[in-house]
Amino acid sequence: MAIKTRGTGGRSTRILGVGLRTLGRSVLNRLPGGDRVQRTAQYWADVGEDWARTLAELRGAAMKMGQLASQYADVLPPALAEQLRKLQRSVEPLPFSDMQPLLDAQWTPAQRKRIRSVDPVAIAAASIGQVHRAVLSNGAPVVIKLRYPGVDEAVDSDVEQLRRIIGLSKLLPVDGEAIDLVMDEVRDRFREETDYGAELAHLKYLRKHAKLPGIVYPKPVEALCADGILVLSEESGATLEEAKTWPQPLRDALGLALCRWVTHEMFVALAVHADPHPGNFAFRESGDVVIYDFGCVKRLTASVAEQVVLLLNAAQQARWQDLHEHLSALGGISEGVTAEQLMAFYEELARLILWRLGEAEYFDFGDTRFIEDIRGAIKRNLGLSFKFRPVSDLLFVLRALSGLYWTLRALGARVPVTAVLAQHGVNLAGGNCE
């Protein structure tokens, strides 16, 4: 399958085309006649299939946008969400002959001598690039991550076209200014994901500032890294599908390692690995979790992290006015909206999330009622959407937390969440909203 990344004009035309088809289907869907429910479901299925197919073929930032959207299935029509989930699955790799020119252009003869062999069959492929096993001249196993040609050049045009389509289609219940803030954040993260120099810097930062027991990072071979090329030590481990069959104590240990890691990233390192695809984690029977892919790492300021702690404590202690003020300080409240207008919603979410997380020493992430009740509350309160604004600083943090939840859910891990959060000043045991 040929990758369609060369030439931003052709990409923009394809993105615009799928957007226009969506608008056309929308007009037809509003016409009277027929079974309205069935017709609407078919409309979203057709729209989703069209978007999923187009974005998968384009790869790059366009596909990443689809993957990001698929993580918010709770606020998307089910038929659309189901189609977009396809973008989270493995991508078909390109032939190695398509990637070889990158190595030829970037590596000097001296660098080539450091590589004994490269397996031409990719072991993984994603929206930005693909990964091949290799062996160094000293016999050490490594992996080589290669960026697809053209994806770095297409980020700005992809995001701008998608921003226009989102605005025209009114898919998101937010105003134009809020959409611009979100898309600026998305653009910044996607630019970084195509910049392998930035990814190398993220990896080195986390290896230094978020090096915790139970967490394994690859070691970069910096002498062989170049524009569009990352060479890292090969760190093997089992997939999530395999790990979730392991004994409960081992799954609990894996879950604890992940929870400690994510909270440490957020409140201490102030840098969150924000690409929670299951393929970016591997699991070892030692209780260690291997972390891959550092292209999308969201750096936080200390003030944002502090506001999150204050907000969580206010919610746990039923101090709704304080919660509202902290959320406002983060930019999450629309102008003129008061705490009284949102108090019932605040209380419902606090009961369903924080109170449940803190009601026992260990929280069982295998309990399906937890997410089902939260989804129900969000759907019942969709009419409040315009009273909130997306917090761009936390957009990718929430993506990371969502991925953490679903990984812990798959593991069925039982984790002392209260104790983990207490290490960072969040006191779930210090009262609840009853």
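1. Let us start with a charge and a ring. A charge sits over a ring if NZ of Lys or CZ of Arg is within 6 Å of the ring centre and within 35 degrees of the ring normal. Arg299 fits this description: its charged end sits over the ring of Tyr205, 4.1 Å from the ring centre. Arg147 does likewise with Tyr196, where the charged end is 5.9 Å from the centre of the ring.

2. A word on what you are looking at. This is a predicted model, in which local features need pLDDT of at least 70 and side-chain atom pairs count only at pLDDT 80 or more, while totals for chains, interfaces and linings use all residues. Residues are numbered from 1 along each chain as its sequence is written, and side-chain values use heavy atoms, with hydrogens and water left out.

3. Now to the salt bridges (a side-chain nitrogen of Lys or Arg within 4 Å of a carboxyl oxygen of Asp or Glu). The whole structure holds 17 salt bridges. One of them joins Glu234 to Arg133, at 2.6 Å from N to O. These partners are 101 residues apart: Glu234 is in the loop between strand 6 (229–233) and helix 10 (240–243), and Arg133 is in strand 3 (residues 129–136). Helices (H or I, at least four residues) and strands (E, at least two) are DSSP runs, numbered from the N terminus.

4. How accessible are Glu234 and Arg133? Glu234 is partly exposed at 24% relative accessibility, and Arg133 is partly exposed at 39%. Here buried means under 20% relative accessible area, exposed over 50%, and partly exposed in between (1.4 Å probe, protein chains only).

5. Another salt bridge brings Lys145 and Glu199 together, at 2.9 Å from N to O. Lys145 belongs to strand 4 (residues 141–147) and Glu199 to helix 9 (residues 196–209), so the pair ties together parts that are 54 residues apart in sequence. Lys145 is buried, at 14% relative accessibility, and Glu199 is buried as well, at 2%.

6. Asp373 and Arg356 also form a salt bridge, with their closest N and O atoms 2.4 Å apart. Here the link runs between helix 15 (residues 369–380), home of Asp373, and helix 14 (residues 339–358), home of Arg356, with the two positions 17 residues apart. Asp373 is partly exposed, at 27% relative accessibility. Shared partners also make a network of salt bridges from Lys145, Glu199 and Asp293.

7. Next, have a look at His264 in helix 11 (residues 248–269). Is His264 buried or exposed? His264 counts as buried, at 16% relative accessibility. Its side chain reaches the backbone oxygen of His209 at 2.9 Å. Leaving aside neighbours within four places in sequence, the residues in contact with His264 (heavy atoms within 4.5 Å) include His209, Leu212 and His424.

8. Finally, the aromatic rings. Rings of Phe, Tyr and Trp (its six-membered ring) pair if their centres lie within 6.5 Å; planes under 30 degrees apart count as stacked, over 60 as edge-to-face and the rest as tilted. The count comes to 9 aromatic pairs. Among them, Phe345 and Phe388 are edge-to-face, 5.9 Å centre to centre with 65° between the planes. Phe345 lies in helix 14 and Phe388 in the loop between helix 15 and helix 16 (395–411), so this pair ties together parts that are 43 residues apart in sequence. Phe345 is buried, at 12% relative accessibility.

9. Tyr405 and Trp406 form an edge-to-face pair too, 5.0 Å centre to centre and 75° between the planes. Tyr405 is buried at 9% relative accessibility, whereas Trp406 is partly exposed at 36%. Ring pairs link both residues with Phe363, Phe365 and Phe370 into a cluster.

Notes:
Polar contact = N/O pair within 3.5 Å; in protein donor to acceptor, adjacent residues only side chain to side chain.
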